[in-house]
Amino acid sequence: MILFYLIAILLGGAFLSWMAGRLSAALPRIISLVALTADLILIVAFVLQLDTLNNKWLVDLNADWIPKFGISFHLALDGLSLLMLILTFFLGIISIIISWKEIKVRVGFFHFNLLLILAGIIGVFLSLDLFLFYFFWELMLVPMYFLIGIWGHEKRIAASFKFFLYTQASGLLMFIAILALYFVHGRSTGVYTFDYMQLLGTQMGYTTELLIMLGFLAAFLVKLPVVPLHNWLPDAHSEAPTAGSLILAALLLKTGAYGLLRFVVPLFPSASVSFAPIGMLLGVVGILYGAKLAFAQTDLKRLVAYTSVSHMGFVILGVFSFNEIAYQGVVMQMIAHAISTGALFILAGQLYERTHTRDLNKMGGLWETAPVMGAVGLIFAMASLGLPGLGNFIAELLILLGAFKANVFMSCLASVGLIAATIYSLRIVQKIFLGKKITDWKFNDLTIREKIVSASLVIIIVWLGIFPRTVLNTAKPALQKTLEVQKENNNDNNKTESILDLRFKN
Amino acid sequence: MSNFNYTLFIVLIPLAMFLLLGLQGHKFKKLSGILGTTGLGIAWILSLITAYQYFFVYGNVGGVFKPMLAYNSVWLQMTETLHIDMGILLDPISVMMLVVITTVSFMVHIYSNGYMKDEQGFARFFAFLSLFTFSMLGLVIATNIFQMYIFWELVGVSSYLLIGYYYQKPSAVSASKKAFIVTRFADLGFLIGILLLSFNTKTFDFISLTDIHGPAIACGAGASFLGLSVMTWSLIFVFMGGAGKSAMFPLHIWLPDAMEGPTPVSALIHAATMVVAGVYLVARLFPVYAISAPQGLEVVGYVGCFSSLFAAVIACTQYDIKRVLAYSTMSQIGYMMVGLGVSHYGGEEGLGFMASMFHLFTHAMFKALLFLGAGAIIHAVHTNEMTEMGGLRKYLPITHITFLIACLTIAGIPLLSAFFSKDEILTAAFHNNKLIFFVQLFVAGLTAFYMFRLYFRVFWNKEPHYHHTPHESPLTMTIPLMFLAVCSIFAGYIPFSQFVTSDSKPFESVMEMGIAIPSVVVGLFGILIAFVMYKKETTLPDRISTGFSFFYKWAFHKFYFDELYLFVTKKIIFRFISRPVAWFDRHIVDGTMNGISAVTNYVSFQIRGFQSGQLQQYAYVFVSGLVGLALVILYAFVK
């Protein structure tokens, strides 16, 4: 039942803060903070009392919901979703803290939306029923739309609209694919069900499998995002309030990656393998294209947004490499990117609060004014360019290593992304903190509240870089299982050969 | 076997100092210099103990210096067989490097207490110095190629931070960025090389990689690509990383600019330690190069040879004293690469390897001395330009003498350290590749010329009008100078062939007079020309440079390599890649999406003539589309 409580606490907290918002502005903040902290403590306490993390499913909750249509309330937790859950709660807490001063209007409603998004996200990470999954998937969207549309910057309406359209349209494609899978499975076995465990290994023709998979891919690739479906992202990120950008970059994008690992690979074992060359190509294109566009940006938030496109390219490259090393890298990238990009968005928010601009050309030489901020910015720029000792390095290294096994050419191309990352990351530091001071801005360095946020993020990114085992060992059983299921069900290997296949043959 | 556990502290002390000074440095103020220096002093003493214990007590087992793992732990278990370790590997070259790094770093620490004392970010400077020392030490003691890569990158970052130390100076900022990006570009080759290498040999571990009877070397004759084996390709890629860090042609462009950093940094990083990392990398994998990829080693040799000539020519034309030294560094590293390139594996055939390591050792001492001396000069006259100097011997007696010693050493004057090491490289080259030998002999003359050009211009020649009288530096700065001068004189008497050899077996090396004499003569000749041209103020240099104006101009502008790179990156890449990509994103990607929405808009408008907001139109289109698609699927699947 713990999984149900996790979601219930967030939903309860959401409604409470909305109502409490009428009483005072501080109350919703405290309520949200309490709800998220409670969730975090709950999940950590639960994990600590487990004997082993090696079981495939650490906890499984399966209750009937609408039995007539084979819809169940099926939640389950494995190592992968555990990591994502902890990440969600932690960043949720951070996003409350950073919004403490930034959000001044309709505070209650803001926190209602925030908690609702988070509830949707953890629902996505836990659902093992496709209908339920879709429900949570949609639950994330509307509050996010409000978050950008109400509390965002100047061009927020257009941005929120674009975000909504892209994700909604692709979500609907996924819904159609879910229905198709439901019917295909029902027709071949007589059991009409949305249950993930039962749908695994559904027998279907290759074309059917491919088409249904493309439906799922549409949703996940837009979320990730993959070039050329990325255009919602820079707008949404740059116009959202800081907490919104943080959640978008750090968590929402990860639902796409999670979906690929959890659903696309095991449910469509043959089709996903035959899609692999295209998938890897999309990954490489994303890495280079995102980086290339990141160079050109003068808006700090937009720049960071494009770096996300680039970093997520590594995720899709890893997912379609189909080996354990790459998958470990993907999980690591999901977490490390969440922390490092989240931190950069927070930095952008802090700068905006002080200078009221996001324009890099108006900044410069701020190190002198705010050395602590500069040091934090430097650390996360270094994380973003893949400096050893910080989490992102492990992630990108493992992905490249894994991808190298799958496809030498793609892997080498992708590694060019590391140089690109160096260039745009150094540009961030240089434009903001180094060089001659061009303005006479006087402002305070980080406050205690901000220092706590930044310090906790720094500690985590360093921890990830130095002790990656904590994360990798947690996720390992889940990843191995995913690959096993994929290999087991992929019985027709001859179909998986493709013209684009440049795999290394020794 | 002895307990070498304490070697861990050599690495950890600088790390601790970095954390302490980085986080709390502002509280210590001036004390931070003393703290950092003390920490490094301890590390230095520990390194000397390690060297003693390794070379004289425990290391030599049955006439061979065995590699020893002082510490090892699995850091990242990727699959059952593949893992990345973190550990400490002690073997002759790593122990030698420990001594070199801690010695120079310790001297630079002491020196910086004086040189940097009025700077604002005093604690920050020492924090970064400690970070650099930590990374560099981690690099040389790496037990496996991945550990090396990790510290390799950290070294790059510390170099970036230190070059950009004067962060308000735009030239320093752009130099630091350039250094980082160029070396990282090279590291890309290194990474691909590692991936290829480990893919073929299934191991990252240095001990098993370089085991001449091991599987790694055996798979040298694997699949081939463009006429070279995969092994050769991977080693050439690895060398690309080394060439980047060691500023070999054509990846050298960052080094002269890196002189924007504080001078002690140039001494430590861009002369004595970091820039020799590339040499160390090749030396580390030497058995693999020599046995399974001799073509790779040839590349190393030719690149080194060309770089050393190229840099020496440019050095003769520069006026900024630090830049002269930077090109000199590049040239000397070229020597070391040549030494490796002309060497074979085992016994006396491995003379080049030994000589290269020997030269690395002596070069660290005299080049650090030269840079620190240059720092003392700059400290005294507040300029880098040698045109604004002259006659300084009267004002800076200690700096003058120590600088002279260093110049004589680098010129290869007999009985000073570089005479021995350079001579051995030339001997090895003579026996293996005559072309390289003659080029290097010529470079030896050039070296003597440009160093004494610098020496005479600065310490003799006509005295310009100084704003205030130059004065000798404080003791904190002169003590390191004197110590390094002593090292430069006597380091040559260490019998390197007894300790550091390609197969870890000692051998006797003999000096060949037929090679030693010409090289000394060439060196003296270079000094003589410099003496004639620069001892007194004459118009001779100007007349010569006008006489060779075309060539002189090319050399003075560093053969326009910066411009070439700028042209390629700015003009070609920007114009032919960036712009089309940006255009594509704006017009095609966004345009298509806008087009779709426009069409949708239009269609829905046509259908119902909606007057209200867009959202409803879209919602309508989506819902109808959804229903339509659902119907199609229902029809297709549920009959």
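**Salt bridges, helix packing and backbone geometry in a two-chain model**

Me: Is B:R184 buried or exposed in this structure?
Reply: The model is predicted. The relative accessible area of B:R184 is 4%. Buried requires a value under 20%. B:R184 is therefore buried.

Me: Which residue meets the side chain of B:R184 in a salt bridge?
Reply: The N to O distance of this pair is 2.5 Å. The two residues are 31 apart, with B:R184 in helix α6 and its partner in helix α5 of chain B. The partner is buried too, with a relative accessible area of 1%. It is B:E153.

Me: Helix α6 of chain B also holds B:K178. Which residue forms a salt bridge with B:K178?
Reply: The side chains meet at 2.8 Å, N to O. The partner lies in helix α10 of chain B, so the pair ties together parts 79 residues apart in sequence. At 17% relative accessible area, the partner is buried. It is B:D257.

Me: How many residues apart in sequence are the parts tied together by B:R284 and B:D91?
Reply: These side chains form a salt bridge of 2.7 Å, N to O. B:R284 sits in helix α12, and B:D91 in the loop between β4 and α3 of chain B, so the parts joined are 193 residues apart.

Me: Which of these two, B:R284 or B:D91, has a relative accessible area of 11%?
Reply: Both values fall under the 20% limit for buried. B:R284 is buried at 6%. The value of 11% belongs to B:D91.

Me: How many salt bridges does the whole structure hold?
Reply: Chain A contributes a network that links A:K162, A:D235 and A:R302. In chain B, B:E153 and B:R184 make one of the bridges. The search over all chains finds 12.

Me: Are α9(B) and α14(B) roughly parallel or roughly antiparallel?
Reply: Their axes come within 8 Å and cross at roughly 30°. Angles under 35 degrees count as roughly parallel. The crossing is right-handed. The two helices are therefore roughly parallel.

Me: Which proline of chain B follows a cis peptide bond from B:F249?
Reply: Omega of this bond is near 0°. The proline lies in the loop between α9 and α10 of chain B. It is B:P250.

Me: What is omega for the peptide bond from A:L224 to A:P225?
Reply: Most peptide bonds are trans. This one is cis. A:P225 lies in the loop between α8 and α9 of chain A. Omega is near -10°.

Me: What is phi of A:R106?
Reply: Most residues other than glycine have a negative phi. A:R106 has a positive one. It lies in the loop between α3 and α4 of chain A, and is exposed at 52% relative accessible area. Phi is near 45°.

Me: Which residue in the loop between α17 and α18 of chain B has a positive phi of about 80°?
Reply: The residue is not a glycine. It is exposed, with a relative accessible area of 54%. It is B:L415.

Me: What area do B:F525, B:L528, B:I529, B:F531 and B:V532 expose together?
Reply: They form a nonpolar patch on the surface. B:I529 lies in helix α21 of chain B, and is partly exposed at 32%. The accessible area of the patch is about 460 Å².

How values were computed. Residues are numbered from 1 along each chain as its sequence is written. Chains are lettered from A and ligands numbered from 1 in the order in which they are written. This is a predicted model: local features need pLDDT of at least 70, side-chain atom pairs count only at pLDDT 80 or more; totals for chains, interfaces and linings use all residues. Side-chain values use heavy atoms; hydrogens and water are left out. Patches are made of residues with over 30% relative accessible area and no salt bridge: like charges are joined within 9 Å, nonpolar side chains (Val, Leu, Ile, Met, Phe, Trp, Tyr) within 5 Å. Accessible areas come from the Shrake-Rupley method with a 1.4 Å probe; for residues, only the protein chains shown count as cover. A salt bridge is a side-chain nitrogen of Lys or Arg within 4 Å of a carboxyl oxygen of Asp or Glu. Helices (H or I, at least four residues) and strands (E, at least two) are DSSP runs, numbered from the N terminus. Buried means under 20% relative accessible area, exposed over 50%, partly exposed in between (1.4 Å probe, protein chains only). Axes are lines fitted to C-alpha atoms, for helices over the stretch in contact, and angles run from 0 to 180 degrees between N-to-C directions. Angles under 35 degrees count as roughly parallel, over 145 as roughly antiparallel, 65 to 115 as roughly perpendicular and the rest as oblique. A crossing is left-handed if the near helix is turned anticlockwise from the far one by less than a right angle, and right-handed if clockwise.
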